[in-house]
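Q: Could you take me on a close look at one part of this protein, the place where its two domains meet? I would like to know what each side brings to it and how the chain around it is laid out.

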Amino acid sequence: MKVVITGGGGFLGRKLAAALLNHHALIDARGRPFTASQVVCFDAMPFDPPMPADPRIKTVVGDIADANTVRELIDSDVASVFHLAAVVSAGAEADFDLGMRVNLDGTRHVLDACRALPNPAKVIFTSSLAVYGGDLPATVTDATPITPQTSYGAQKLIGEYLLTDYSRKGFLDGRALRLPTIVVRPGKPNKAASTFASSIVREPLQGDGAICPVTPETRMPILSPRKAVAAFLHVHDLPAEALGAHRGILLNGISAPVGEMAKAVERHGGAAAAKRIEWKPDPAIQKIVSSWPAAIDAERARRLGFHVDRDIDEIVTNFMADDIRR
């Protein structure tokens, strides 16, 4: 059976593909173990750099907002879909129509393609802390009201509701993870409002400069790529009865002040690395980031067996081991 990853050319999609090929067995929507015979990585952009030369990996370039393309992608041999494809936060805010087309219409196309399968598929949807906003408590919990204050947050929340309803109807077996900011992202900065959180670690440790557009006191929950990929695999294999009627799961992350992230750069890269961070306030980015939760206390995720990083030093150490070429 096949597994599809939308957004498979992104850094999380690539890491997830590698993990799936090393994962001995997955559990399908009917509770039966299976091994992925092929991982299909779908993305809007050409795969650069190319995916590893593994006959079990297939790459497809196309438009997630084209229903016919998605129907061809998710065929009768597909057992599971990890839906990571999205226009990121700042991009969705700047271009409302593009965000709706990709983040909402694209998600609907994925769900409808899965609905048409002869056997229900599992669908893992990446949601976001951006579903929270406005006058938030210092720490969000499972009981915190959902009030997105950005187009991206609204689109992710609608995706969660659709996933839950398609699951209720028995069309598929869906699970959504509300991810904290993922740090450290390999590669280059993107248009996400949170991209600086990776840039201020990644670039200085590799000898390049980085701009931090928020204050050192700004706090944000973060999760490493290692723990994010582990969460994807874990939620995939959880029994449906453990999730209940609501399929959206708030994940924990460590709450790290941005200034402490910069200090971790100095601890692991020296004073010269820390001096490569330029503190240059951007009111627009600060406003978006400040609308997000500063910390998370998600009892449901702990009860379901999800794990977080120990501290920012563990995140930086793992990034250096996994993604910095020596």
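**Where the two domains meet**

A: Happy to. In this predicted model, the span of residues 3-238 is 37% helix and 22% strand, and its end C-alpha atoms lie 17 Å apart. That span is the one covered by the UniProt annotation "domain: NAD-dependent epimerase/dehydratase", which comes from an unreviewed entry.

The domain assignment cuts the chain in another way. Domain 1 takes 2-180 + 222-250, while domain 2 is put together from 194-220 + 254-294 + 309-323. Taken over C-alpha atoms, the centres of domain 1 and domain 2 are 26 Å apart.

Now to the interface itself. On one side, 15 residues of domain 1 take part, and they are in contact with 14 residues of domain 2. Between them the two domains bury about 1400 Å², and carbon and sulfur atoms give 57% of that area.

Polar groups have a part here as well. There are 5 residue pairs in polar contact between domain 1 and domain 2, counting pairs with both residues at pLDDT 80 or more. The rule also finds 2 salt bridges across this interface. If you would like a salt bridge to look up on your screen, try Arg226 and Asp322: their side chains meet at 2.7 Å, N to O. As for what domain 1 presents to domain 2, the elements that give two or more residues to that side are strand 12 (219-223) and helix 7 (225-237). Sorted by class, that side of domain 1 has 8 nonpolar, 4 polar and 3 charged residues.

While you have the model open, two peptide bonds in the chain are worth a look. Most peptide bonds are trans. The bond from Asp48 to Pro49, however, is cis, with omega near 5°; Pro49 sits in the loop between strand 4 (38-43) and strand 5 (57-61). Val183 and Val184 are also joined by a cis peptide bond, with omega about 15°. You will find Val184 in the loop that runs between strand 10 (181-182) and helix 6 (195-205).

Conventions:
Residues numbered from 1 in each chain as written. Predicted model: local features only at pLDDT ≥ 70, side-chain atom pairs only at ≥ 80, totals over all residues. Heavy atoms only, no water. Domains from an automatic or database assignment. Contact = heavy atoms within 4.5 Å. Buried area = accessible area lost by both parts, 1.4 Å probe. Salt bridge = Lys/Arg side-chain N within 4 Å of Asp/Glu carboxyl O. Polar contact = N/O pair within 3.5 Å; in protein donor to acceptor, adjacent residues only side chain to side chain. Helix = DSSP H or I, 4+ residues; strand = E, 2+ residues; numbered from the N terminus. Nonpolar A, V, L, I, M, F, W, Y, C, P; charged D, E, K, R; others polar. UniProt positions renumbered as here; feature names shortened; annotations may be inferred.
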